[in-house]
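Open your viewer, switch to a cartoon view and follow along. At each stop you will get something to select and a short account of what is there.

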Amino acid sequence: MNIQIFGKSKCFDTKKAERWFKERRVKYQYVDILRYGMSRGELTSVKNAVGLAAMSDDPEVTYLAYDADRLEKLLDYPELLKTPIVRNGKQATVGYCPDIWKTWE
């Protein structure tokens with residue numbers, strides 16, 4: 001497994017996700033989304049796995065008519081993304097989803 005956790009340092013669910021992987025001794029890479037953001041490829045990979053609607057419910061994003069515009073907004077303003085975003089290759093989850101993570105082991 002090649003786990004990446006994109007999160008915010010003060011996000012409770014991000015801390016829970018980190019703890020979940022630590023307890024199972026699964027190595028992961030943590031990326032502070034506010035500090036480093038996500039690359040276009042990473043964001044597109046997550047979008048393909050979970051859908052654009054699941055990635056943000058912020059009105060600044062949902063009012064945009066086109067998916068391409070929404071993706072650009074999330075790329076420019078990563079603070080609008082829901083966290084944690086957990087990636088395992090082409091698989092991804094948004095939020096705290098241990099039931100899905102169990103299937104990755």
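**Stop 1: the whole chain**

Colour by secondary structure to begin: this protein has six helices and four strands. Walk along it from the N terminus and the elements follow the order β-α-β-α-α-α-α-β-β-α. Keep in mind as you look around that this is a predicted model.

Now zoom out until everything fits on the screen. The C-alpha trace spans about 40 × 25 × 20 Å along its principal axes. How does the radius of gyration of the protein agree with that of a compact globule? A compact globule of 105 residues would come out near 13 Å, and the protein has 13 Å, so the two agree.

Turn on the surface next. About 6200 Å² of the protein is accessible, and carbon and sulfur atoms make up 48% of that area. Of the 105 residues, 44% count as buried. Among contacts with a separation of 6 or more, 62% are between residues 24 or more positions apart.

Before you leave this view, colour the charged side chains. There are 18 positive and 15 negative ones, and the centres of the two sets lie 7 Å apart.

**Stop 2: helix H5**

Select residues 67-76, which form helix H5. Show the side chains of Leu 71, Lys 73 and Leu 74: these are buried. Why do they sit on the same side of H5? Look down the axis: they cover an arc of only 160 degrees around it, which puts them on one and the same side of the helix.

Then turn to the other side of H5, where Ala 68 and Asp 76 are exposed. To see what covers the buried residues, add helix H3 (40-50) and helix H4 (59-62), which are included in that cover.

**Stop 3: helix H3**

Stay with H3 and pick out Leu 43, Ser 45 and Val 46, which are buried. Looking down the axis of H3, you will find its buried residues within an arc of 160 degrees, so they line one face of the helix. Their packing partners are H5, S3 and strand S4 (91-94).

Just after this helix, click on Gly 51. Gly 51 follows H3 and has a positive phi, near 90 degrees.

**Stop 4: a cis peptide bond**

Move on to the loop between H5 and strand S3 (85-88), where you will find Pro 84. Which form does the peptide bond from Thr 83 to Pro 84 take? This bond is cis, with omega near 0 degrees.

**Stop 5: two arginines in one loop**

Next, find the loop between helix H1 (12-23) and strand S2 (28-32), and select Arg 25. Arg 25 is not a glycine, yet its phi is positive, at about 55 degrees. Is Arg 25 buried or exposed? With a relative accessibility of 78%, Arg 25 counts as exposed.

Arg 24 is also found in the loop between H1 and S2. Its relative accessible area is 35%, so Arg 24 is partly exposed. Try the distance tool here: the C-alpha atoms of Arg 24 and Glu 42 are separated by 25 Å, with the two residues 18 apart along the chain.

**Stop 6: Gln 29 in strand S2**

Follow the chain into strand S2 and select Gln 29. At 43% relative accessibility, Gln 29 counts as partly exposed. Which residues does Gln 29 touch, leaving aside those up to four places away in sequence? They are Ile 3, Gln 4 and Ile 5. For another distance, choose Lys 15: its C-alpha atom and that of Gln 29 are separated by 13 Å, and the residues are 14 apart along the chain.

**Stop 7: a buried lysine**

Finish at Lys 8, in the loop between strand S1 (3-7) and H1. Lys 8 has a relative accessible area of 19%, and buried means under 20%, so Lys 8 is buried. Show its neighbours: not counting residues up to four places away in sequence, Lys 8 touches Thr 14, Tyr 30, Asp 32, Ile 33, Leu 34, Glu 79, Leu 81 and Thr 83. For a last distance, go from Lys 8 to Arg 87: these residues are 79 apart along the chain, and their C-alpha atoms are separated by 15 Å.

Technical notes. Residues numbered from 1 in each chain as written. Predicted model: local features only at pLDDT ≥ 70, side-chain atom pairs only at ≥ 80, totals over all residues. Heavy atoms only, no water. Buried < 20%, exposed > 50% of the residue type's maximum accessible area, 1.4 Å probe, protein only. Arc of directions from axis to C-beta. Contact = heavy atoms within 4.5 Å. Rg over C-alpha atoms; globule rule 2.2 N^0.38 Å. Areas by Shrake-Rupley, 256 points an atom, 1.4 Å probe, with all protein chains shown as cover. Lys, Arg positive; Asp, Glu negative; His and termini not counted. Charge placed at Lys NZ, Arg CZ, Asp CG, Glu CD.
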